[in-house]
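Welcome! Open the viewer, get comfortable with rotating and selecting, and follow along one stop at a time.

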Amino acid sequence: MVLTATTVFASFIELGDWNIVLALTIATIKATLVVLFFMHLYYSTKLTKVTMIAAIFFLFLLLALSMTDYLTRAWLTNPGH
Amino acid sequence: MATSDIEIAEHALQHHFADMDQQKESSTFGMWLFLVTEIMFFGGLFCAYLVYRATYYQAFVEGSQTMNIWLGATNTAVLICSSLSMALGVRCAQLGKTRMMVVLLLITIVFGFAFLGIKAIEYHEHWTNHQFPGPNFQFEGAEAAGVNPQNIQIYFSLYWAMTGLHALHMVIGIGLVAWIVIAGWRGAYSPDYYSPVENVGLYWHFVDLVWIYLFPLLYLISKKHGG
């Protein structure tokens with residue numbers, strides 16, 4: 001819980017230099033702490049853990065597959081035309 | 001089975017469960033499944049955000065720079081504090097300290113309203129600055145920055161949709177916590193039966209989680225913040 005407050009504080013300091021990776025890493029650390037301890041996932045049954053892991057896995061799968069489409073569309077334009 | 005167990009069983013155990021453990025695990029599992037659907041629900045918006053951010057990066061930078069970083073950061077802190085009091089409230093319910101639980105959940109509600117109040121100030125600011133997508137949308141300095149205002153409008157559409165949906169979840173969350181407070185005050189929960197408290201807690205933490213990601217994505221795109 002103290003760590004959560006620390007990461008909020010850290011996010012204040014990082015505002016100076018732009019770094020989306022850093023911002024998202026801090027967000028993910030915060031999120032992990034909230035899920036593990038506030039939401040008691042750390043102490044919960046395997047069934048609950050599998051549910052959460054599956055959710056994260058499929059969210060990333062869907063986001064990644066969508067982005068492989070959108071981010072690579074520009075590559076297919078024919079320079080000759 | 002001890003006498004007290006039988007009393008509890010009569011009081012809280014639903015007839016289609018074998019015992020309290022099974023009932024509790026079913027309710028927790030069900031709540032997590034619901035949260036999975038919520039993750040997918042918000043996931044769609046996050047995906048839309050990623051696609052447009054990748055396509056119109058500069059417009060998103062321009063849009064995010066009008067955000068008040070301090071109000072956003074304050075709201076992050078407010079929400080994490082509310083999650084803390086919520087987690088402590090659930091702990092009290094577990095230990096049977098009903099009065100303390102009620103107090104902590106009331107604190108959670110206060111933090112919830114504080115979040116919505118700060119959000120309302122931000123919304124009002126955007127509204128008066130014509131930063132609401134639609135025919136009245138205006139964005140000063142878009143041409144100077146070499147960005148199509150239409151693309152900044154996409155940023156604001158996503159901003160209003162994502163934070164608006166999040167705020168709606170907050171309103172529902174406050175209602176749920178209020179329900180737990182009233183039921184808890186009437187003595188509905190005990191260390192053997194507090195699943196509703198725990199599940200509303202899970203919901204509240206989930207809403208907190210969404211904001212933890214919304215904040216860096218919407219507010220922290222670029223370094224040039226006015227403060």
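Two residues count as being in contact here when they have heavy atoms within 4.5 Å. Keep in mind throughout that this is a predicted model.

**Stop 1: chain A by itself**

Select chain A and show it as a cartoon. You will find 3 helices and 0 strands, arranged α-α-α from the N terminus on. Now switch on the surface: chain A exposes about 5,500 Å², and 76% of that comes from carbon and sulfur atoms. Of its 81 residues, 32% are buried.

**Stop 2: where the two chains meet**

Bring chain B back into view and look at the boundary. Here 35 residues of chain A are in contact with 40 residues of chain B. Putting the two chains together buries about 3,400 Å², with carbon and sulfur atoms giving 84% of this area.

Which elements of chain A should you colour on this side? Pick α1 (2-14), α2 (20-38) and α3 (46-72) of chain A, each of which gives two or more residues to the side that touches chain B. The largest share comes from α3(A), with 13 residues. Try colouring by class next: the side of chain A that touches chain B has 25 nonpolar, 8 polar and 2 charged residues.

How many salt bridges cross the interface of chain A and chain B? The rule finds 0 there. As for polar contacts, the count between chain A and chain B is 1 residue pair, both at pLDDT 80 or more.

**Stop 3: a salt bridge between two helices**

Side chains of opposite charge can pair when their charged atoms come close. Over all chains, the structure holds 2 salt bridges.

For one of them, select Glu198(B) and Lys24(B), whose side chains meet with N to O at 2.7 Å. Glu198(B) sits in helix α7 (residues 195-219) of chain B and Lys24(B) in helix α2 (residues 20-55) of chain B, so this pair ties together parts that are 174 residues apart in sequence. Is each partner buried or exposed? Glu198(B) is buried, at a relative accessible area of 10%, while Lys24(B) is partly exposed, at 25%.

**Stop 4: a salt bridge within one helix**

Finally, select Lys119(B) and Glu122(B), which form a salt bridge with their closest N and O atoms 3.3 Å apart. Both residues belong to helix α5 (residues 98-128) of chain B, where they are 3 residues apart, about one turn of the helix. Hide the surface to see them clearly, since Lys119(B) and Glu122(B) are both buried.

Methods: Residues are numbered from 1 along each chain as its sequence is written. Chains are lettered from A and ligands numbered from 1 in the order in which they are written. This is a predicted model: local features need pLDDT of at least 70, side-chain atom pairs count only at pLDDT 80 or more; totals for chains, interfaces and linings use all residues. Side-chain values use heavy atoms; hydrogens and water are left out. A salt bridge is a side-chain nitrogen of Lys or Arg within 4 Å of a carboxyl oxygen of Asp or Glu. Helices (H or I, at least four residues) and strands (E, at least two) are DSSP runs, numbered from the N terminus. Buried means under 20% relative accessible area, exposed over 50%, partly exposed in between (1.4 Å probe, protein chains only). Buried area is the accessible area (1.4 Å probe) that two parts lose on being put together, summed over both. A polar contact is a pair of N or O atoms within 3.5 Å; within protein, one must be able to donate a hydrogen and the other to accept it, and residues adjacent in sequence count only if both atoms are side-chain atoms. Ala, Val, Leu, Ile, Met, Phe, Trp, Tyr, Cys and Pro count as nonpolar, Asp, Glu, Lys and Arg as charged, and the others, Gly among them, as polar. Accessible areas come from the Shrake-Rupley method with a 1.4 Å probe; for residues, only the protein chains shown count as cover.
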